[in-house]
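Student: Please take one buried side chain and look at its surroundings closely, and then carry the same way of looking through the rest of the model, from single residues to helix faces to the chain as a whole. I would like one connected account rather than a list.

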Amino acid sequence: MKAKLGMSPIAWWNDDLVELSDDVSLEECLRQSRSAGFTGMEKGRRFPDDPDVMLPILKAADVTLCGGWFSGTLVDEDIGANKDRIQPMIELFKAVGAPCIVYGEVGRSIQGKREVPLANKPKLSDDEMKAYARKVTEFGEWCADQGMPLSYHHHMAAVVETEPELDAFMAASGEGIPLLLDAGHLAFAGGDVLRAIDRHHARINHVHVKDIRRSVVDALDRSKQSFLDAVALGAFTVPGDGSLDFGAIVQRLADHGYEGWFVVEAEQDPVKNPPLKMAQIGHKELMRVMTAAGYAVETQGFPKG
């Protein structure tokens with residue numbers, strides 16, 4: 001089985017917490033991740049939106065674009081408004097050969113609101129969840145018809161956070177909206193990562209190998225502390241530096257035949273946790289567990305020729 005290893009630039013520059021950002025250029029971010037062994041990088045705020053500008057940067061770094069976040073608002077807004085906003089991203093991602101766009105629901109979400117505690121996360125009724133899931137499916141089918149599949153990101157502090165919410169969303173949605181499995185977010189939400197893989201493996205088309213520091217997560221006062229508070233306290237980290245058993249997680253994905261990207265997404269303080277060092281730790285651990293699970297990890301970055 002083949003797999004590719006990518007990173008998210010959130011280890012270098014945090015979009016929600018500016019104080020958790022290193023003053024490094026896009027080129028240096030790509031250089032560091034590539035030197036650690038990663039062949040892909042998800043899109044961040046310092047990436048250009050013009051493919052004619054982005055492609056030479058990616059080629060020089062020997063890195064491909066392996067995904068990127070779209071802030072969806074389908075829980076509240078109509079499909080047309082989201083189509084208008086995502087269309088330029090679809091064209092960009094097609095031009096640079098990206099595998100998918102990550103759909104993150106920000107409607108009603110408190111993930112970017114430091115003043116709102118985790119306990120106040122939005123909740124959908126059964127009927128609301130069913131209607132939302134059908135709407136996201138329709139949107140996913142439209143994006144795929146445009147030539148760029150989505151990958152739905154369940155996320156802390158959003159309308160699909162917990163394992164039961166993920167199960168409900170998946171039951172009411174269709175194959176037109178594939179799933180991004182994020183181990184760290186699901187574990188943070190109290191879910192069972194292995195059980196989720198068993199239930200939803202047929203729809204998983206992208207994987208975030210985010211780890212958590214269990215001691216930080218368990219010490220949170222969710223009635224007072226927010227998602228961003230948790231990030232600032234160091235709730236997330238890379239595989240090999242946290243509490244999750246990625247040997248078991250990767251093996252379970254392999255058992256179900258998953259092939260594709262494994263992306264390290266670990267937002268934390270780059271001063272306390274230097275991104276290059278963390279990239280090296282994450283890559284070493286992933287290579288260990290992926291080799292044990294029978295994966296052949298691709299080493300080619302930007303396509304040759």
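**A buried side chain and its setting**

Tutor: Once its neighbours within four places in sequence are left aside, F93 is in contact with K43, L65, G67, G68, A98, C100, I101 and M148. The model is a predicted one, and everything that follows should be read with that in mind. F93 belongs to helix 3, which covers residues 79–96, and its relative accessible area is 0%, so it counts as buried, the cut-off being under 20%. One of its contacts, G67, is 26 residues away in sequence, while the two C-alpha atoms are 8.0 Å apart in space. Strand 3 covers residues 64–72, and strand 4 covers residues 101–105.

From this single residue one can turn to helices whose buried residues are listed together. In helix 5, residues 163–172, the buried positions are E163, E165, L166, F169 and M170. Viewed down the axis of helix 5, these buried residues fall within an arc of 160°, so they line one face of the helix. An α-helix has 3.6 residues a turn, so residues three or four places apart point the same way. Turned away from the buried side of helix 5 is a face that carries the exposed residues P164 and A171. The cover over the buried residues of helix 5 includes helix 4 (126–145), strand 5 (150–153), strand 6 (179–182), helix 6 (183–188) and helix 7 (193–200).

Helix 7, named there as part of the cover, has buried residues of its own, namely V193, A196, I197 and H200. Down the axis of helix 7 they fall within an arc of 100°, so here too the buried residues line one face of the helix. Helix 5 appears in turn among the elements that cover the buried residues of helix 7, and this cover also includes strand 6, helix 6, strand 7 (204–208) and helix 10 (246–255).

Following that list to helix 10, one finds F246, I249, V250, L253 and A254 as its buried residues. When helix 10 is seen down its axis, the buried residues fall within an arc of 135°, so they line one face of the helix. Their cover includes helix 7 and strand 7, along with helix 6, strand 8 (211–212), strand 10 (260–264) and helix 11 (275–292).

A254 also leads to the beginning of the chain. M1 is found in the segment before strand 1, and A254 is among its contacts when neighbours within four places in sequence are left aside; the others are G257, Y258, E259, A293, G294, Y295 and A296. M1 has a relative accessible area of 35% and is partly exposed. By contrast with such contacts, the C-alpha atoms of M1 and F227 are separated by 36 Å, with their positions 226 residues apart along the chain.

Some loop residues complete the local picture. E19 has its place in the loop between strand 1 (2–7) and helix 1 (26–35), where its relative accessible area of 51% makes it exposed; its C-alpha atom is 10.0 Å from that of V271, which is 252 residues away along the chain. D62, in the loop between helix 2 (51–61) and strand 3, has a positive phi of about 60° although it is not a glycine. R108 is likewise not a glycine and has a positive phi of about 70°; it lies in the loop between strand 4 and helix 4, and at 36% relative accessibility it counts as partly exposed.

For the chain as a whole, there are 11 helices and 11 strands, and 58% of the 305 residues count as buried. Among contacts with a separation of 6 or more, 80% join residues that are 24 or more positions apart. A compact globule of 305 residues would have a radius of gyration near 19 Å, and the chain has 18 Å, which agrees. Along its principal axes, the C-alpha trace spans about 50 × 45 × 40 Å. The accessible surface comes to about 12,200 Å², with 49% of it belonging to carbon and sulfur atoms, while the mean positions of the 33 positive and 46 negative charges are 3 Å apart.

Methods: Residues are numbered from 1 along each chain as its sequence is written. Side-chain values use heavy atoms; hydrogens and water are left out. Buried means under 20% relative accessible area, exposed over 50%, partly exposed in between (1.4 Å probe, protein chains only). Helices (H or I, at least four residues) and strands (E, at least two) are DSSP runs, numbered from the N terminus. The arc is that of the directions from the helix axis to the C-beta atoms. Contact means heavy atoms within 4.5 Å. The radius of gyration is taken over C-alpha atoms; the globule rule is 2.2 Å times the number of residues to the power 0.38. Accessible areas come from the Shrake-Rupley method with a 1.4 Å probe; for residues, only the protein chains shown count as cover. Lys and Arg count as positive and Asp and Glu as negative; His and the chain ends are not counted. The place of a charge is taken as NZ of Lys, CZ of Arg, CG of Asp or CD of Glu.
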